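Got your viewer open? Let's take a walk through this chain, one selection at a time.

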Amino acid sequence: MFDVRRLLVLQEIARVGSLSAAAASLNYTTSAVSQQVTALERDVGSTLLVRGPSGARLTPAGSKLLEHVPAILGAVAAAERDLDAIATARPGVVRIASFASAAAVILPPAIAQVRHLLPGVGVELVAVDPDDGVELLRSGDADAAMVTEVPGDRPEFPGINTLSVYDDEFFVVLPLGHRLAERAEVPLAELARENWVVSTQTGLCPDTRVFRKACQRAGFEPTVSYRAEGYGTVQGFVAAGLGVSLVPSLAASGVRADVAVRRVAGRRPVRKVAIATTAPPAPASVLATVIELIAAAGATLAESADYSVAAGASSVA
C-alpha cells in the first residue's frame with residue numbers, strides 16, 4: 001500500500017516536467033520531492049521516473065500508475081465528503097418532508113418499523129407539498145421527501161434521485177344522489193358534461209396532469225368549476241352537489257360518508273408516489289434503511305388494498 005499523497009507529487013512532476021519545477025509549484029524543496037518519489041517507487045516496487053539534466057520523464061510503469069491517479073484521488077475525495085456529511089449531520093435523526101396523504105397512510109407503519117429496528121434513530125416529519133419538500137431536500141433541511149410523479153412523463157424533479165413507493169390509483173368521487181352513484185365502476189366518458197372540482201390552484205402539479213390525461217383519453221376536455229386546496233375540501237364540494245372529482249386512493253382513505261367513491265372503468269388513472277433523495281443513499285446506512293422501510297410500507301399497502309367498491313357503498317381502502 002502506498003501513500004496516496006505521493007501521487008500528487010508524481011502527477012505534478014508529469015505536468016511540469018522536472019522535480020525542481022514541481023517543488024516550486026507544490027511549495028516543497030527539490031530534495032523533498034525527490035524523497036517522495038523514491039518512497040513511492042519503493043512502495044510500488046517499480047521505477048516511475050527517469051531523471052536527466054533536462055528534467056524528468058515517466059517510465060512505462062509511471063505512465064500506467066498516472067492513469068489511475070484521477071480515479072484514486074476522486075475516490076478519496078468522495079470518501080472524505082461522505083465522512084464530513086456524517087460528522088455534520090444531526091446524529092440519529094432522519095428528516096422526512098411529506099405531503100399530507102402519504103404522511104397519513106404510508107409513513108406511520110414505516111416509522112413504527114424504524115422505532116422497532118433502529119431504536120436509536122428518530123424520524124422528524126415536515127408537512128409540506130412535494131415542491132416545497134424537494135426545496136428542503138436541496139437545501140439540506142430534509143434527508144428525504146415524499147413526492148408524486150406522472151407515469152410516463154419526464155422526471156418531475158430533474159437531478160433528484162427517486163424510488164417508487166406506491167402506485168396511487170384515482171377514484172371517481174360523486175354526490176350520493178348522483179345518477180351513477182350506484183355503479184361499481186364509472187366510465188369517465190359518462191361524466192364528460194359534469195362540472196369538476198380539482199385540488200390545486202394550478203394545472204401544473206402531477207395530480208392535475210393525471211386528471212386531465214384521463215379525461216383526454218376518455219374523449220373530452222373537463223369543465224373545472226372549483227379549485228380547492230386539499231382533497232378534504234374537494235370532497236366537501238362534491239358532497240354539496242357542486243361537481244364531481246377524481247381523488248387518489250391515499251386521499252380517499254379518509255372518505256366522507258356523504259359521497260360515493262367508485263373505480264374508473266377501463267384504464268385507471270394512477271400517480272406514482274415516490275421518495276426522493278439528493279443522491280442514492282449509501283448501502284446499509286441509516287437513511288437507506290429508512291427508505292427501504294418506507295418502500296416496504298408502500299408495497300404492503302398495495303398488496304392489502306381492497307378496491308372492490310360495491311355499488312351503494314361510499315368507502316374505499
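Start by selecting residues 2-59: over this stretch the chain is 60% helix and 14% strand. Click on the C-alpha atoms at its two ends and you'll find them 18 Å apart. The UniProt record, an unreviewed entry, places the feature "domain: HTH lysR-type" at residues 2-59. Keep in mind as you go that what you're looking at is a predicted model.

**Stop 1: Asn27 and helix 3**

Now zoom in on Asn27. You'll find Asn27 in the loop between helix 2 (19-26) and helix 3 (30-44). Is Asn27 buried or exposed? Its relative accessibility is 71%, so Asn27 counts as exposed. Look at the backbone too: phi of Asn27 is near 65°, a positive value in a residue other than glycine.

Next, select helix 3. Its 15 residues should span 21 Å at 1.5 Å a residue, and because its end C-alpha atoms are 21 Å apart, the two values agree. Colour Val33, Val37, Ala39, Leu40 and Glu41: these are the buried residues to pick out in helix 3. Just after helix 3 comes Gly45, with a positive phi of about 75°.

**Stop 2: a long jump to Pro248**

Stay on Gly45 and add Pro248 to your selection. How far apart are the C-alpha atoms of Pro248 and Gly45? They are separated by 65 Å, and the two residues are 203 residues apart along the chain. Pro248 is part of strand 10. With a relative accessibility of 0%, Pro248 counts as buried.

**Stop 3: the largest nonpolar core**

While you're at strand 10, bring up the largest nonpolar core, a group of 30 residues. Which of them have the most contacts inside the core? Select Val172, Leu188, Leu191, Trp196 and Leu246 to see them. Several elements each supply at least two residues of this core: strand 6 (161-175), strand 8, helix 8, helix 9 (231-239), strand 10, helix 10 (249-252) and strand 11 (259-264). Strand 6 gives the most to the core, with five residues.

**Stop 4: the cavity**

Keep Leu246 highlighted, as Leu246 is also one of the residues that line the largest cavity. How many cavities of 30 Å³ or more does a search of the whole structure find? The search finds one. About 60 Å³ of space lies in the largest cavity.

To see the lining, select Phe170, Val197, Val198, Ser199, Thr200, Asp207, Thr208, Phe211, Tyr231, Ser245 and Leu246. Try colouring them by class: you should get six nonpolar, four polar and one charged. Strand 8 (195-198), helix 8 (206-217) and strand 10 (245-248) each supply at least two residues of this lining. The largest share comes from helix 8, with three residues.

**Stop 5: helix 8**

Let's give helix 8 its own selection. Helix 8 has twelve residues, and from its first C-alpha to its last it reaches 16 Å, close to the 16 Å expected at 1.5 Å a residue. Its buried residues are Pro206, Asp207, Thr208, Arg209, Val210, Phe211, Ala214 and Cys215.

Pick Phe211 from that group. Phe211 counts as buried because its relative accessibility is 3%, under the 20% cut-off. Now add Arg138: the C-alpha atoms of Phe211 and Arg138 are separated by 28 Å, and the residues are 73 residues apart along the chain. Then step off the end of the helix, where Gly219, just after helix 8, takes a positive phi of about 95°.

**Stop 6: two more loops**

For the first of these loops, select Arg183, which lies between strand 6 and strand 7 (185-186). Arg183 has a relative accessible area of 34%, so it is partly exposed. Add Gly298, and you'll see that the C-alpha atoms of Arg183 and Gly298 are separated by 28 Å, with the residues 115 residues apart along the chain.

Finish at Ala284, in the loop between strand 12 (270-277) and helix 11 (286-304). What is the phi of Ala284? It is positive, about 70°, although Ala284 is not a glycine. Ala284 counts as exposed because its relative accessibility is 74%, over the 50% cut-off.

Terms used: Residues are numbered from 1 along each chain as its sequence is written. This is a predicted model: local features need pLDDT of at least 70, side-chain atom pairs count only at pLDDT 80 or more; totals for chains, interfaces and linings use all residues. Side-chain values use heavy atoms; hydrogens and water are left out. UniProt positions are given in the numbering used here, feature names are shortened, and annotations may be inferred rather than shown by experiment. Helices (H or I, at least four residues) and strands (E, at least two) are DSSP runs, numbered from the N terminus. On a 1 Å grid over the protein atoms alone, a cavity is a set of points where a 1.4 Å probe fits but cannot get out, and a pocket is an open set with protein on both sides within 12 Å along at least five of seven lines; lining residues have an atom within 4 Å of a point. Grid points are joined across faces, edges and corners, and a volume is the space filled by probe spheres set on the points. Ala, Val, Leu, Ile, Met, Phe, Trp, Tyr, Cys and Pro count as nonpolar, Asp, Glu, Lys and Arg as charged, and the others, Gly among them, as polar. The expected span of a helix is 1.5 Å times one less than its number of residues. Buried means under 20% relative accessible area, exposed over 50%, partly exposed in between (1.4 Å probe, protein chains only). A nonpolar core is a set of buried Ala, Val, Leu, Ile, Met, Phe, Trp, Tyr and Cys residues joined through side-chain atoms within 4.5 Å.
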